[in-house]
Amino acid sequence: MNYLPGTASLVEEIDKKLLVVLRDGRTLIGYLRSIDQFANLVLHRTIERIHVGKKYGDIPRGIFVVRGENVVLLGEIDLENENNPQLEEVPIDDILEMQREEQIQKQQEEERKKKSMLERGLQPHSELHDDLF
Amino acid sequence: STDAENKMLFYSFFKSLVGKDVVVELKNDLSICGTLHSVDQFLNIKFTDITVTDPDKYPHMLSVKNCFIRGSVVRYVQLPADECDTQLLQDAARKEAAQNRQR
């Protein structure tokens, strides 16, 4: 990696507390300790944050090595703004239950859409979905 | 005459847009508006002062001001028309294509 000014390098983000969005929709928050040219990451003191509506829950995960191809974006957490008044933290078990319910609702919605499309003679989900957004 | 030199056109183009406001649409349908801070050879992008165009759908981004976006997840980069000299781009593309043919 070059160190020319104006190039998008992750070097400056090392040791910062970052929010990492992955292709499977997960959100990780941790301190960035190591990077390479593929955007492979080593995160320290990582938590997985699950959002359902305006509520969220954190699961401690320790050290994470993330393969670069799974990374969507890395966000620098604004430490002043970090504890956003709009969002409410809830216990892990609660958020997992809420997530499960949200998943069930989404699946039912997908089933309904699929049925409507088939009724109209269309192919459901003809788009390539290689990621689980 | 390495392979990387043949693909410099958009890298150079984005470098010329540093400091401008653009909107990026990602393959996961998330759209982010921000000031282009820097770009690299993989077209990874760094933004400052971002706003998510649908914040209710993506609450996790609420306390993020700056971000790094991996080039591979970008679907579109939306620019205002007056920041883009299409004539210049066309000429540059033709020149690069001609150089590639010669190699």
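**Exercise 1. What does the accessible surface of chain A come to, and what percentage of it belongs to carbon and sulfur atoms?**

Before we start, a word on the ground rules. This is a predicted model, where local features need pLDDT of at least 70, side-chain atom pairs count only at pLDDT 80 or more, and totals for chains, interfaces and linings use all residues. Residues are numbered from 1 along each chain as its sequence is written, chains are lettered from A and ligands numbered from 1 in the order in which they are written, and side-chain values use heavy atoms, with hydrogens and water left out.

Step 1. Accessible areas are computed by the Shrake-Rupley method with a 1.4 Å probe, and for residues only the protein chains shown count as cover.

Step 2. For chain A that gives about 8,700 Å², with 50% belonging to carbon and sulfur atoms.

Step 3. Now do chain B: its accessible surface is about 5,800 Å², and carbon and sulfur atoms hold 51% of that.

**Exercise 2. Write out the order of helices and strands in each chain.**

Step 1. Helices (H or I, at least four residues) and strands (E, at least two) are DSSP runs, numbered from the N terminus.

Step 2. Chain A has one helix and six strands, and they come in the order β-β-β-β-β-β-α.

Step 3. Chain B has two helices and five strands, arranged as α-β-β-β-β-β-α.

Step 4. Add burial, where buried means under 20% relative accessible area, exposed over 50%, and partly exposed in between (1.4 Å probe, protein chains only). In chain A, 33% of the 133 residues count as buried; in chain B, 41% of the 103 residues do.

Step 5. Last, sequence separation, taking contact as heavy atoms within 4.5 Å. Of the contacts in chain A with a separation of 6 or more, 47% are between residues 24 or more positions apart. For chain B, 47% of the contacts between residues at least 6 apart join residues at least 24 apart.

**Exercise 3. Describe the interface of chain B and chain A.**

Step 1. The size of an interface is often given as the accessible area lost when the parts come together. Buried area here is what two parts lose on being put together (1.4 Å probe), summed over both.

Step 2. Chain B and chain A bury about 2,400 Å² between them, and 60% of that is on carbon and sulfur atoms.

Step 3. Count who takes part: 33 residues from chain A and 26 residues from chain B.

Step 4. Look for salt bridges, meaning a side-chain nitrogen of Lys or Arg within 4 Å of a carboxyl oxygen of Asp or Glu. Three turn up across the interface, including Lys46(B) with Glu13(A), whose closest N and O atoms are 2.9 Å apart.

Step 5. On the side of chain B that touches chain A, strand S2 (31-39) and strand S4 (64-69) are the elements that give two or more residues. S4(B) gives the most, with six residues.

Step 6. Sort that side of chain B by residue type and you get 14 nonpolar, six polar and six charged. Here Ala, Val, Leu, Ile, Met, Phe, Trp, Tyr, Cys and Pro count as nonpolar, Asp, Glu, Lys and Arg as charged, and the others, Gly among them, as polar.

**Exercise 4. Which residue forms a salt bridge with Arg75(B), and which side chain makes a polar contact with Glu25(B)?**

Step 1. Side chains of opposite charge can pair when their charged atoms come close. Arg75(B) meets Asp29(B) in a salt bridge (2.9 Å, N to O).

Step 2. Place the partners: Arg75(B) is in strand S5 (residues 74-78) and Asp29(B) is in the loop between S1 and S2 of chain B, 46 residues apart, so the pair links distant parts of the chain.

Step 3. Check exposure: Arg75(B) is partly exposed at 35% relative accessible area, and Asp29(B) is partly exposed at 49%.

Step 4. Turn to Glu25(B), in strand S1 (residues 21-26) of chain B. Glu25(B) counts as buried because its relative accessibility is 17%.

Step 5. The side chain of Glu25(B) makes a polar contact with the side chain of Arg75(B) at 2.7 Å. A polar contact is a pair of N or O atoms within 3.5 Å; within protein, one must be able to donate a hydrogen and the other to accept it, and residues adjacent in sequence count only if both atoms are side-chain atoms.
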